[in-house]
Amino acid sequence: MKIEKAFLAIALLAAMLVQTVSASTIEDEITARIKKAGSVCLQGDDCGQATAGIATAANATGGADAIYKASCSTCHSIGVAGAPKLGNKDDWAPRISKGMDALYASIFNGIAPGMPARGLCFTCSDDDLKAVVDLMVEQSK
Ligand code: HEC
């Protein structure tokens, strides 16, 4: 009887371990999908770095890249709220065709409701932001 109980306990423990592993990957996926569109990501914060790392691996130098990772990747790496995804030509083609000045205007003013003014980087200068837009366009055509 005692041995049976011990066996049961071990079996239960093993089952729990297996469940924990799969639950955490599912949880990660869900978290990525339901990420709030309006979540604030300040420069220097570790926001969405994991996904952005893949998309921006091609250009890992310079301030624009750092700003992208800190401020923009939260939305633009996975397309939160319909944000054009970095590196996705189909997402970017119609936007690029509007011309760079239109894209700069969008980043300065935002596009309600999804795209926040200045991409939430309030420490960024106009030139910083233009450089990030240049980088996004460059990597997405
Ligand atoms: C909270 C989410 C979010 C953040 C943060 C964000 N964007 Fe966006 N962005 C969007 C969404 C959503 C759109 C699409 C808006 C639309 O067309 O309705 C967009 C569109 C754009 C466009 C295309 C504009 C156009 O005229 O077609 C550019 C360029 C852009 N974002 C740049 C940036 C840059 C640069 C940053 C960081 C400094 C940034 N975004 C941060 C959500 C975000």
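Me: α3 and α6 pack at an angle of about 70°, with their axes 9 Å apart. Why are α3 and α6 called roughly perpendicular to each other?

Reply: This is a predicted model, in which local features need pLDDT of at least 70 and side-chain atom pairs count only at pLDDT 80 or more, while totals for chains, interfaces and linings use all residues. Residues are numbered from 1 along each chain as its sequence is written. The angle of about 70° is taken between axes (lines fitted to C-alpha atoms, for helices over the stretch in contact, with angles from 0 to 180 degrees between N-to-C directions). The class follows from the cut-offs: under 35 degrees is roughly parallel, over 145 roughly antiparallel, 65 to 115 roughly perpendicular and the rest oblique. α3 and α6 are therefore roughly perpendicular.

Me: Which residues make the contact between α3 and α6?

Reply: α3 contributes G63, A64, D65, I67, Y68, C72 and H76, and α6 contributes D128, A131, V132, L135 and M136. Two residues are in contact if their C-beta atoms, placed from the backbone, lie within 7 Å. By class, the contact has eight nonpolar, two polar and two charged residues (Ala, Val, Leu, Ile, Met, Phe, Trp, Tyr, Cys and Pro count as nonpolar, Asp, Glu, Lys and Arg as charged, and the others, Gly among them, as polar).

Me: What makes A131 of helix α6 count as partly exposed?

Reply: A131 has 18 C-beta neighbours inside 10 Å. A residue is buried if 20 or more other C-beta atoms lie within 10 Å of its own, exposed if 12 or fewer, and partly exposed in between, with C-beta atoms placed from the backbone. A131 therefore counts as partly exposed. Leaving aside its neighbours within four places in sequence, A131 is in contact with G63 and A64. A131 and G63 are 68 residues apart in sequence, yet their C-alpha atoms are 8.5 Å apart.

Me: The axes of α5 and α6 come within 10 Å and cross at roughly 125°. Why is α5 called oblique to α6?

Reply: An angle of roughly 125° falls in none of the three named ranges, so α5 is oblique to α6. The crossing is right-handed (left-handed if the near helix is turned anticlockwise from the far one by less than a right angle, right-handed if clockwise). L103, Y104, I107 and F108 of α5 meet D126, L129, K130, V133 and V137 of α6. This contact has seven nonpolar, no polar and two charged residues.

Me: Is V137 of helix α6 buried, exposed or partly exposed, and how do you know?

Reply: V137 has 16 other C-beta atoms within 10 Å, and therefore it is partly exposed. Beyond four places in sequence, V137 is in contact with W92, I96 and L103. The C-alpha atoms of V137 and K89 are separated by 9.2 Å, although these residues are 48 residues apart along the chain.

Me: How many helices and strands does the protein chain have?

Reply: The protein chain has six helices and zero strands (helices, H or I of at least four residues, and strands, E of at least two, are DSSP runs numbered from the N terminus). Of its 141 residues, 24% count as buried. Among contacts with a separation of 6 or more, 64% join residues 24 or more positions apart.

Me: Which residues come nearest to the ligand?

Reply: Of the 30 residues around the ligand, C72, C75, S106, G114 and G119 come nearest (a residue is near a molecule if its C-beta atom, placed from the backbone, lies within 6 Å of it). The elements giving two or more residues to this shell are α3 (63–76), α5 (100–109) and α6 (126–138). α3 gives the most, with six residues. The shell divides into 20 nonpolar, eight polar and two charged residues.

Me: What makes the backbone at A81, R118 and P113 worth noting?

Reply: Most residues other than glycine have a negative phi, and most peptide bonds are trans. Phi of A81 is near 55°, and phi of R118 is near 60°; each is a positive value in a residue other than glycine. The peptide bond from A112 to P113 is cis, with omega near 0°. P113 is found in the loop between α5 and α6, and R118 is in the loop between α5 and α6 too.

Me: A81 lies in the loop between α3 and α4 (89–96). Why does A81 count as exposed, while R118 counts as partly exposed?

Reply: A81 has 12 C-beta neighbours inside 10 Å, and therefore it counts as exposed. R118 has 18 other C-beta atoms within 10 Å, and therefore it is partly exposed.
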